[in-house]
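These are my notebook entries on one protein model. I wrote down what I looked up, one topic at a time.

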Amino acid sequence: MAYWQQDTLVIQQGFEMSSTWGVQSNELNSFINPVCVVLFAGLLESLIFPWLRKRNMEPSHMNKFILGCFCGILAMLWGSLTDHLLKKDWSTDNEQNISVFWSVPVYALVALGEVFANPAALDMAYKISPDSLKAVAAGVHGIMSGAVPNFVSAAIAAGLSTYLQDGSGCSTRNPNANFFIGTEELECETELEDPNKFFKFANDTNSNIPADIWDYRTVRIKELYIILAIFPAVGIIFIHFSKPFYEDLLRRKDEQMRANTKRLGDNEATAKDALDI
């Protein structure tokens, strides 16, 4: 759930922030998350997990899921805090607002959650599934980690669409852009103007009209972040209660794999002894 907000709430929020070093919200989205995934994956797999493994302290699959969910909660809470700070001194001139780099922790925490949860989930799906269904298990993992959260996020956005509107019913930063170019009717009535954007009325090349802008202070993105933080919190509760079952299942699968490996080794030894005779 937290992952899909990178392409929606975080970008929308970021357009109200000032660009830093010329970086805009959509550019930050396409860069920070993949870079953080690579960095965190390398750090965990090459240093932290081997160090913990030597001391028999590496988190189990289920505990990695919990850590991933916890990162998702922190990401949503950080987004909510950022929104609170943004609205305190919000200006129609977004270059006067807080820096877009306040969004970086959201992308970083989501990336860390991915590194904890996704490899563990795929490995677990592969281990506990029968040999004939391992490919199917990998596909189901993709559906459950991709399609299902995306569908739920879309349903939440549709059901709580008023949370993404200001007090006048405007649903985007420049809501009446298409009205100025003559392709749509007026979306909403707002008295605020964007000092950084201008439009020309259709068939009037001499016009230079300041673009309407919504009142971001009345858009309830902060509340949406808190609602979305509930989902990974519920995930932690579910994992906690299902943890004994899945860990026992994994233990039995590991014992079966070790037994099969030992049996294969014994068969190879027997065959070698027969050839020697």
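**Entry 1: Ala 111.** I began with the contacts of Ala 111, leaving out residues up to four places away in sequence, and found Asn 33, Cys 36, Val 37 and Phe 40. Contact here means heavy atoms within 4.5 Å. I then looked up the distance to one of these partners: Val 37 is 74 residues away in sequence, yet the two C-alpha atoms are 5.0 Å apart. Ala 111 belongs to helix α4. Helices (H or I, at least four residues) and strands (E, at least two) are DSSP runs, numbered from the N terminus. Is Ala 111 buried or exposed? Its relative accessible area is 0%, so I entered Ala 111 as buried. The cut-offs are under 20% relative accessible area for buried, over 50% for exposed and in between for partly exposed, with a 1.4 Å probe and protein chains only.

**Entry 2: what I am looking at.** I noted that this is a predicted model, in which local features need pLDDT of at least 70, side-chain atom pairs count only at pLDDT 80 or more, and totals for chains, interfaces and linings use all residues. Residues are numbered from 1 along each chain as its sequence is written, and side-chain values use heavy atoms, with hydrogens and water left out.

**Entry 3: the whole protein.** I listed seven helices and two strands. Read from the N terminus, their order is α-α-α-α-α-α-β-β-α. The protein has 277 residues, and 37% of them are buried. I also looked up contacts between residues at least 6 apart in sequence: 72% of these join residues at least 24 apart. The accessible surface is about 15,900 Å², and carbon and sulfur atoms account for 63% of that. Such areas come from the Shrake-Rupley method with a 1.4 Å probe; for residues, only the protein chains shown count as cover.

**Entry 4: α3 and α4.** How do the axes of α3 (residues 61-88) and α4 (residues 104-128) cross? They come within 8 Å of each other, at an angle of roughly 155°. The two helices are therefore roughly antiparallel. Angles over 145 degrees get that name, under 35 is roughly parallel, 65 to 115 roughly perpendicular, and the rest oblique. Axes are lines fitted to C-alpha atoms, for helices over the stretch in contact, and angles run from 0 to 180 degrees between N-to-C directions. I sorted the residues of this contact into 17 nonpolar, four polar and three charged. Ala, Val, Leu, Ile, Met, Phe, Trp, Tyr, Cys and Pro count as nonpolar, Asp, Glu, Lys and Arg as charged, and the others, Gly among them, as polar.

**Entry 5: Ser 80.** Ser 80 is part of helix α3. I entered Ser 80 as buried because its relative accessibility is 7%. Not counting residues up to four places away in sequence, Ser 80 touches Lys 222, Tyr 225 and Ile 226.

**Entry 6: two loop residues.** Trp 21 sits in the loop between α1 (9-14) and α2 (25-54). Its phi is near 55°, a positive value in a residue other than glycine. Trp 21 has 77% relative accessibility, so I entered it as exposed. Asn 56 is in the loop between α2 and α3. Asn 56 is not a glycine, but its phi is positive, about 55°. I entered Asn 56 as exposed because its relative accessibility is 74%.
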